[in-house]
Amino acid sequence: MRLLADTSFSQLNANFPNPINPITTISFDLAVDSIVSIDIFNIRGQRVNTVTNEHFGAGSHSVDLNGTDENGRNVGSGIYFYRMVSGDFTDVKRMVLLK
């Protein structure tokens, strides 16, 4: 059972499971309705994929990541970063992909 987060502030949560193989869930909480962009970057800082770039209401949400780039090709094992931007809020977390 997941308890509802205090949504008086926005928050990006750790992905689960981590390390990922082949799917992981990225959850986040929003204090207010806003457009949310979540991008995946490789260790070199190159954007690999955009998980979402759409409007979400205030509250708790999650999106799934399946270990592919924006062209649908599988990405290699390694360390990746995911960045969430929502209004004035920005946060970055790290994840590991194992094959």
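The dialogue below works through several features of this predicted model, from strand pairing to single residues.

Q: Where should I start with the sheets, and which strands make up the open sheet of three strands?
A: Strands of a sheet pair through backbone hydrogen bonds, and the pairing may be parallel or antiparallel. Here the open sheet follows the order S1-S2-S5 with antiparallel pairing, and its edge strands are S1 and S5, each of which pairs on one side only. Between S2 and S5, which run antiparallel, there are seven bridges, and one place to look is threonine 25, whose bridge partner in S5 is aspartate 64.

Q: How many bridges does S3 form with S4, and how many with S6?
A: S3 pairs with S4 in the antiparallel sense over eight bridges, while six bridges join S3 to S6, again with the strands running antiparallel. To follow these pairings residue by residue, note that serine 37 stands opposite asparagine 53 in S4, and that isoleucine 40 has tyrosine 82 as its bridge partner in S6. S3 and S4 also form a hairpin with four residues between them, and in that turn glycine 45 has a positive phi of about 85 degrees.

Q: Is S3 largely enclosed or open, and why?
A: Because eight of its nine residues are buried, S3 is largely enclosed by the rest of the structure.

Q: Which residues have the most contacts inside the largest nonpolar core?
A: In soluble globular proteins, nonpolar side chains tend to be buried together. The largest nonpolar core in this model has 18 residues, and Phe28, Ile38 and Ile40 are those with the most contacts inside it. The elements that give two or more residues to this core are strands S2 (24-30), S3 (34-42), S4 (47-56), S5 (59-65), S6 (78-86) and S7 (89-97). Isoleucine 40 shows how such a residue is surrounded: once residues up to four places away in sequence are set aside, its contacts include Ile26, Val48, Val51, Leu65, Phe81 and Met95, along with Gln46 and Arg47.

Q: How do I read an aromatic pair, and which residues form one here?
A: A pair of aromatic rings is described by the distance of the centres and the angle of the planes. The count for this model comes to one aromatic pair, formed by phenylalanine 28 and phenylalanine 56, which is edge-to-face with 5.2 Å centre to centre and 90 degrees between the planes. Since phenylalanine 28 lies in strand S2 and phenylalanine 56 in strand S4, the pair ties together parts that are 28 residues apart in sequence. Phenylalanine 28 counts as buried at 0% relative accessibility, and phenylalanine 56 is buried as well, with a relative accessible area of 12%.

Q: What does the side chain of aspartate 33 reach?
A: Aspartate 33 lies in the loop between S2 and S3 and is partly exposed, with a relative accessible area of 49%. Its side chain reaches the backbone nitrogen of alanine 58 at 2.7 Å. Leaving aside neighbours within four places in sequence, aspartate 33 is in contact with His55, Phe56, Gly57 and Ala58.

Q: Where does proline 19 lie, and which peptide bond leads to it?
A: Proline 19 lies in the loop between strand S1 (11-12) and S2, and the peptide bond from asparagine 18 to proline 19 is cis, with omega near 15 degrees. Proline 22 also lies in the loop between S1 and S2, and the peptide bond that joins asparagine 21 to proline 22 is cis too, with omega near -5 degrees.

Technical notes: Residues numbered from 1 in each chain as written. Predicted model: local features only at pLDDT ≥ 70, side-chain atom pairs only at ≥ 80, totals over all residues. Heavy atoms only, no water. Core = buried A, V, L, I, M, F, W, Y, C linked by side-chain atoms within 4.5 Å. Buried < 20%, exposed > 50% of the residue type's maximum accessible area, 1.4 Å probe, protein only. Contact = heavy atoms within 4.5 Å. Phe/Tyr/Trp six-rings, centres within 6.5 Å; stacked < 30°, edge-to-face > 60°. Polar contact = N/O pair within 3.5 Å; in protein donor to acceptor, adjacent residues only side chain to side chain. Pairing = 2+ DSSP bridges.
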